[in-house]
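Dear colleague,

Please find below the structure that I am handing over to you. My findings follow it, and I should be grateful if you would read them alongside the model.

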Amino acid sequence: PIPLLIDTDPGVDDALALLMALDDPKHEVVGITVAAGNVGLAHTVRNALKLTEVAGREDVPVFAGCPVPLLHAADDASYVHGSDGFGDTGYVPAARAASDEHAALAIVRLAHEHAGRLLLVTLGPLTNLALALRLDPDLPRRVARLVVMGGAVNGRGNTSVPAEFNLGFDPEAAHIVFEAFPQFDLADWEATLAHGIAHADADRWLAADDPRARFYDAISRQTRAWSRARRGEDWHSADALAMAYALEPESAREVVARPLAMELTGALTRGATVVDWQSRSGRPANARILMAYDRARFEARLRAAVGAS
Ligand code: BDR
Ligand code: CA
């Protein structure tokens with residue numbers, strides 16, 4: 001199997017992506033590194049540990065990373081994910097604790113151990129990965145493929161007008177990552193919106209007789225109701241789409257390669273992804289941007305992640 005390292009900030013949609021990955025026979029999750037983002041680090045780490053328990057994968061190590069962005073404080077997304085990041089259900093925490101090693105050090109070490117083969121998927125702010133790159137500037141040479149959930153490639157963000165949450169939370173970290181990796185795959189917020197799932201289908205899958213469905217139904221209830229009230233009949237799972245793209249790239253139906261850079265200073269645009277759609281800059285096309293993914297394959301993977309038929 002392909003070694004897979006996931007950096008995440010769980011987070012309701014992170015949880016679905018993790019279930020998808022932990023169940024995939026072609027990939028072996030070699031670690032889960034955790035940052036602050038959707039909620040504070042104590043909660044995101046606790047949620048990652050719980051998720052591995054629900055998935056029956058307590059053999060997978062979890063590493064705690066950065067509690068704050070590199071430079072500037074940022075607001076969390078507890079209004080979407082609940083104050084504990086998992087819908088405030090009061091679940092019983094997992095028995096085990098995170099490993100002692102810092103997430104950034106674990107990224108550096110695992111990239112060495114799996115050099116040339118590692119699939120690295122980021123589902124949260126890029127703080128841990130940026131720090132790892134400062135510790136080990138050669139890291140990109142060892143990573144076979146980087147998949148990032150983040151950005152809003154046409155300027156339709158979900159936090160500020162043009163910024164998406166993960167990259168807007170820590171724009172400097174995203175800048176460091178995008179300058180360091182000559183090429184990466186991007187599943188952005190606008191792709192998320194283009195791949196909505198009918199709430200009625202999700203409700204049916206989450207009624208499956210499986211511990212994963214029961215847990216996911218409980219932790220996602222609040223955010224599904226919030227999304228229904230706000231965005232209508234379609235439900236969106238940003239991190240799950242990114243993970244489907246990571247695990248099964250052959251099911252992507254349209255991918256466009258363009259130069260992409262972070263806006264760090266704009267009074268109205270800080271945290272935005274600036275995509276050179278017209279290739280005017282002469283910069284290399286570093287981002288392979290997911291535009292369309294096979295809907296039936298995405299749905300099949302969502303169902304499998306929660307044990308629904
Ligand atoms: C991203 O932000 C977070 O709230 C989600 O978990 C996802 O990673 C979507 O913008
Ligand atoms: Ca996330």
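**Helix packing and the ligand shell**

H1 crosses H12 in a right-handed sense. Please note that this is a predicted model.

The axes of H1 and H12 lie 6 Å apart, at an angle of about 25 degrees. Because this angle is under 35 degrees, H1 counts as roughly parallel to H12. On the H1 side, the contact is made by Asp-13, Asp-14, Leu-16, Ala-17, Met-20 and Ala-21. These meet Ala-238, Asp-239, Ala-240, Ala-242, Met-243, Ala-244 and Leu-247 of H12. By class, the contact of H1 with H12 comprises 10 nonpolar and 3 charged residues, with no polar ones.

H1 also packs against H11, which spans residues 211-231. Here the axes come within 9 Å and cross at roughly 160 degrees. The two helices are therefore roughly antiparallel to each other, and the crossing of H1 and H11 is left-handed. From H1, Val-12, Ala-15, Leu-16 and Leu-19 take part, while H11 contributes Arg-212, Tyr-216, Ile-219, Ser-220 and Thr-223. The contact of H1 with H11 divides into 6 nonpolar, 2 polar and 1 charged residues. Leu-16 of H1 thus appears in the contact with H12 and in that with H11.

Turning to the ligand, there are 16 residues around ligand 1, of which Gly-11, Asp-13, Ala-77, Phe-165 and Ala-238 come nearest. At least two residues of this shell are supplied by each of H1 (12-22), H7 (165-169) and H12 (238-247). The shell around ligand 1 is made up of 7 nonpolar, 5 polar and 4 charged residues. Asp-13 and Ala-238, both among the nearest residues to ligand 1, also belong to the contact between H1 and H12.

Two points of backbone geometry deserve your attention. Gly-11 is situated in the loop between strand S1 (2-8) and H1, and the peptide bond leading to Gly-11 from Pro-10 is cis, with omega near -10 degrees. Asp-88, in the loop between H3 (78-81) and H4 (103-113), has a positive phi of about 50 degrees, although Asp-88 is not a glycine.

Finally, an unreviewed UniProt entry annotates residues 4-299 as "domain: Inosine/uridine-preferring nucleoside hydrolase". Over residues 4-299, the chain is 40% helix and 19% strand, and the end C-alpha atoms are 22 Å apart.

With kind regards

Terms used: Residues are numbered from 1 along each chain as its sequence is written. Chains are lettered from A and ligands numbered from 1 in the order in which they are written. This is a predicted model: local features need pLDDT of at least 70, side-chain atom pairs count only at pLDDT 80 or more; totals for chains, interfaces and linings use all residues. A residue is near a molecule or strand if its C-beta atom, placed from the backbone, lies within 6 Å of it. Helices (H or I, at least four residues) and strands (E, at least two) are DSSP runs, numbered from the N terminus. Ala, Val, Leu, Ile, Met, Phe, Trp, Tyr, Cys and Pro count as nonpolar, Asp, Glu, Lys and Arg as charged, and the others, Gly among them, as polar. Axes are lines fitted to C-alpha atoms, for helices over the stretch in contact, and angles run from 0 to 180 degrees between N-to-C directions. Angles under 35 degrees count as roughly parallel, over 145 as roughly antiparallel, 65 to 115 as roughly perpendicular and the rest as oblique. A crossing is left-handed if the near helix is turned anticlockwise from the far one by less than a right angle, and right-handed if clockwise. Two residues are in contact if their C-beta atoms, placed from the backbone, lie within 7 Å. UniProt positions are given in the numbering used here, feature names are shortened, and annotations may be inferred rather than shown by experiment.
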